[in-house]
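Here are a few quick notes on how some of the helices pack. Have the model open while you read.

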Amino acid sequence: MENSQYRSTSGSILGAIKQQFGKRRRIGTLTEDERLDGKTVLITGASSGLGYATAVQLARRGGTVIMAARSGIPEKGNAAKQDSGSSALEMRQVDLSDLDSIRSLADGLRQDGIKLDRLVLNAACVPARSRQTKQGLEEMFVVNFLSSFYLTNLLIRYDVLRKNAGARIVFVGSEAHRSSPPIDWERFGRYEEYTMKKSVPLYGYYKHMLLSFAAELARRLQAEGAGIGVYALCPGPVNTRLAREAPWFAQWLVAILFALFFKAPAKACEPVVYLACARSLDERTGVYLHRMEERPLQPATAAPQNARQLWDASSSLLAKLGHDIPFHERGAAFEGKREAR
């Protein structure tokens, strides 16, 4: 059943505050020896907020961290080195609203011989109004969903993401996916104008797409036997600059509420770090956490039929834009056998 609390800015904030006082059962707690020594991590949206905090924490746990971001290069990388006490961090530029930039990031990683053990898809935005991207798409649709679909498939296709070596993909989603209406297939990918009033419900709509993709990716990689785990989470309310484009007259109230009731990124990133490091997840895939509690996705998000249609629609859209990324032949063959059963 749809949850309507995330359909407005005020409802989302009040719902997030309410979550702070609810009881939950923790999936577990990391030990000090659950580390990422010898492993390489790529984090999108890593120059601030949750992404930056995650980069620092994973570097502290021994990971070699690549911080992918549009800005803050190199100063944010230097700050992360100081905050983590590790020199094993670097920054790579990417504009996740631009498909050409995403392709360049993936090409650069492949050309440099980078092999990833962890991919953390963290980047998101909530613009005050619609903005058209270089390819004529809507910015929030691309940044919050399509960029992750495109980048992930490229990294798998290029064998940049290690297969059969315990690699993991971690999606930063949102409980706002529970408020999403069904995907409008006729308007899928079409640029349409909107204002801030529609930004919040669209945020949940695109997080629904992102988590539906995560669920389908977990099924496909498991069927293929690729040895790559797929995980997702909602970090709960985080005191970040995600709502920085709110109207000026509301920003002071949002800032106060965020400071009082929302977690600092260094604490809110706990489920991201857990999903990246926990040994208890070695034999599992398709796990979704709300903060540190395991929960099922809403049925429409997890439904295989919807997720497969989303996969096909996304692939077709990218192909029309000259960014074709078919799943490699072995994966397609597994899909065909599964459909035939």
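1. The crossing of H2 (49-60) and H9 (residues 270-277) is right-handed, meaning that the near helix is turned clockwise from the far one by less than a right angle. On the H2 side, Leu50, Thr54, Gln57 and Leu58 make the contact (heavy atoms within 4.5 Å); H9 brings Val272, Val273, Ala276 and Cys277.

2. The two helices pack at about 45°, with axes 9 Å apart. H2 is therefore oblique to H9, as angles under 35 degrees count as roughly parallel, over 145 as roughly antiparallel, 65 to 115 as roughly perpendicular and the rest as oblique.

3. A caveat on sources: this is a predicted model, in which local features need pLDDT of at least 70 and side-chain atom pairs count only at pLDDT 80 or more, while totals for chains, interfaces and linings use all residues. Residues are numbered from 1 along each chain as its sequence is written, and side-chain values use heavy atoms, without hydrogens and water.

4. H5 (residues 139-157) and H11 (residues 304-320) have axes 11 Å apart and an angle of about 90°, so they are roughly perpendicular. H5 residues including Phe141, Phe145 and Tyr150 meet H11 residues, among them Trp311 and Leu318.

5. Which residues of H3 (residues 75-84) are buried (under 20% relative accessible area, 1.4 Å probe, protein chains only)? They are Gly77, Ala80 and Ser84. Down the axis of H3 they fall within an arc of 60° (directions from the axis to the C-beta atoms), so they line one face. They pack against H2, strand S2 (64-69) and strand S3 (89-93).

Technical notes: Buried means under 20% relative accessible area, exposed over 50%, partly exposed in between (1.4 Å probe, protein chains only). Helices (H or I, at least four residues) and strands (E, at least two) are DSSP runs, numbered from the N terminus. Axes are lines fitted to C-alpha atoms, for helices over the stretch in contact, and angles run from 0 to 180 degrees between N-to-C directions.
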